[in-house]
Amino acid sequence: MSVFGLSVFFLGQYIPHGHCYLWQTGLVSLHVTSDAMTALAYYSIPAMLIYFVRQRQDVPFSKLFWLFSLFIAACGTSHVMEVWTLWYPVYWLSGAIKAITALVSVYTALELYPLIPQALALPSPEQVNKINQEIQEALKAQIESETDKERLALSLAAAKTAAWDWNLKTNKVYWTPEHEIIFGYEPGIPHRTYEDWANRVHPKDIHRLEAIIKNAILKHHEVFRCQYRIVLPDMSLRWIDAVGRFLFDAKGNTVRMVGTLNDITEKKLADEALKEGEERFRATFEQAAVGIAHVGLTGQWLRVNQKICDIVGYTREELLGMTFQDVTYPEDLETDLNYANQLLAGRISNYSMEKRYIRKDGSLIWVNLTVSFIYDTNFKAQPKCFISVIEDINQRKQAEEELKSLNNILLQTTDLLRKRNQELDQFAYIVSHDLKAPLRAIANLSEWIEDDLDGQLPEENQQQMKLLRQRVYRMEDMINGMLIYSRAGRVEVALEPIYIKDLIEEVIDSLAPPKTFKIKVPSINPQLITKPLLLSQVLANLISNAIKHHESPNGLIEISIQELENAFLFAVSDDGPGIAPENHDKVFGIFQTLKPRDNTENTGIGLSIVKKIIESEGGSISLESDIGQGATFRFTWLKHVINSPSIKEKKI
């Protein structure tokens, strides 16, 4: 377009609009101010609408907001042109802007018309407030529901109770975390299937459970309960106690099943242990070798085993209709009741006594009774009944009576024997005295004859006189030996604490062995409580025999001791000529010698006395020997204990 054309379009041949107002200042100012302020308002309104739409992306009819913004901005521009045309007659431009405003207005009206029903459908402020209130209430109810669910979950977890909700139409199962833990699944997948549950059920229980569920559905049982086993991945078994409830729709069809379950494995194990314990108790109760009974606090028989029935001769039924007072011998009843009252008063926890029962046939039977309480399981301090253990001691009592009678007879016999022994000792002493007196006279007489016939008796007669005196002395030794032998083991000798090595050395010193003889004594010196006189007599006899019968003047004797649990083992060994095995028993016989009596001064009583002393003290003696190998006499000597201050060990 040429400059002339633009000039015509913008200015044309028109006069400014101010001429129409005759350029009256007041009128021109009025129009300028009004149009300017209207234009300013029209421009600010679209700006605010556009800002609002951009900030609220969720506002409905956002396009309509943009059209209104454009329409209002166009209106504001037309007012600006009204001010501009007061001085510049650009009426074509002003008309064009008004035409644009008209087009935008018409387009906006066309867009607005179909939105009127939707706009009318928008809720009013009152409705919005009501909706907001309803939303708030719904949110509050939802929060409360979530809180209730949380409380329920916490309660179930605290009680170790699991819950489930099985939708029978979708076959989906909702499990609480506790349910997953019990069944060995990792928590976090609450929605599971029926197969997840069935895979854990013990193969021997699944068919029974499915039958229970099917039967409950068919018979419209709202609630059912069952116990079953599950197998965890580690192959361990757990017992489950489940309670379920079916939910039905309006037509009576089963749509859901909800319920809870608990792990009752520990309870099952405890029940089984209790049942096993009860069975063991029942078996022990019925098969016990003694009578066992539960007796009421007033004496009523509550429970009895067969052994009691055998003891008293009543049947179980008869006995359960009686009291223990009915079968107790009257002389024993007061003592029994006194004990029972002390037990009830808490002064004693149990008691035992020997008493008599009256059997059904009227005979008496002795029993040993032991009584204590069985306490109430709910009230530990409250006794429920007595428990009595009854042992048949009738045979023992009879044996005691017989033993008592035998003891009386034994005491009488012992007393008689003691008197006989005293008489025997007196007789032995008298015989010894009466026999030794003539023997001494014969010995003295032979010496007097030799003195009177000094130098007149032939050598042969002198030898005969010596032989006569030897026989007399041997006879005296035999009489002394018989006296000792008769008293061996019968004379009471006091117990004394000694040291064995010291005693052996004292015995050796008293025997005064030849200096050419070597005697070895033990290196240890243990303490022993014993009868020193008897032990000295044994050792002296064995040592003197070893010296007397040795063929060499420089023999060897060795004495050893060994401590056993209840005794000491002594050994006296020599290197003498030895004793043939066939003569080992013979040497311990009285008046037994292995050499002719004329060739040895030996009465043959010594070893018999040794054996008698050792055996009377509870020991034993043995001989180990052979010809040319020496001899070893071994004997045991028992230890004794006396109630006196102990002697300290002697240091060697």
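Student: Leaving aside its neighbours within four places in sequence, which residues is Asp196 in contact with?

Tutor: Those would be Trp175 and Tyr185. Keep in mind that this is a predicted model. To be called a contact, heavy atoms must lie within 4.5 Å.

Student: And where is Asp196 found?

Tutor: Look in helix 8, which covers residues 194–198.

Student: Why does Asp196 count as buried?

Tutor: Set the value against the cut-off. Buried means under 20% relative accessible area. Asp196 has 19% relative accessibility, so it counts as buried.

Student: OK, on to cavities. How many of 30 Å³ or more are there?

Tutor: The count is 3. In the largest one there is about 210 Å³ of space. It is lined by 15 residues, and Trp164, Trp197, Ile213, Tyr228 and Met257 are the closest to its centre. Several elements give two or more residues to that lining, including helix 8 and helix 9 (203–218). Strand 4 gives the most, with 3 residues.

Student: What makes 14 residues of that lining nonpolar?

Tutor: Their residue type does. Trp, Ile, Tyr and Met are among the types that count as nonpolar. Besides those 14, the lining of the largest cavity has 1 polar residue and no charged ones.

Student: How many charged residues does the lining of the second largest cavity have?

Tutor: There are 2 charged residues, along with 10 nonpolar and 1 polar. That cavity's volume is about 100 Å³. Of its 13 lining residues, the closest to the centre are Phe324, Tyr351, Leu369, Val371 and Ser388.

Technical notes:
Residues numbered from 1 in each chain as written. Predicted model: local features only at pLDDT ≥ 70, side-chain atom pairs only at ≥ 80, totals over all residues. Heavy atoms only, no water. Helix = DSSP H or I, 4+ residues; strand = E, 2+ residues; numbered from the N terminus. Buried < 20%, exposed > 50% of the residue type's maximum accessible area, 1.4 Å probe, protein only. 1 Å grid on protein atoms, 1.4 Å probe; cavity = no way out; pocket = protein on both sides within 12 Å on 5 of 7 lines; lining within 4 Å. Points joined across faces, edges and corners; volume = space filled by probe spheres on them.
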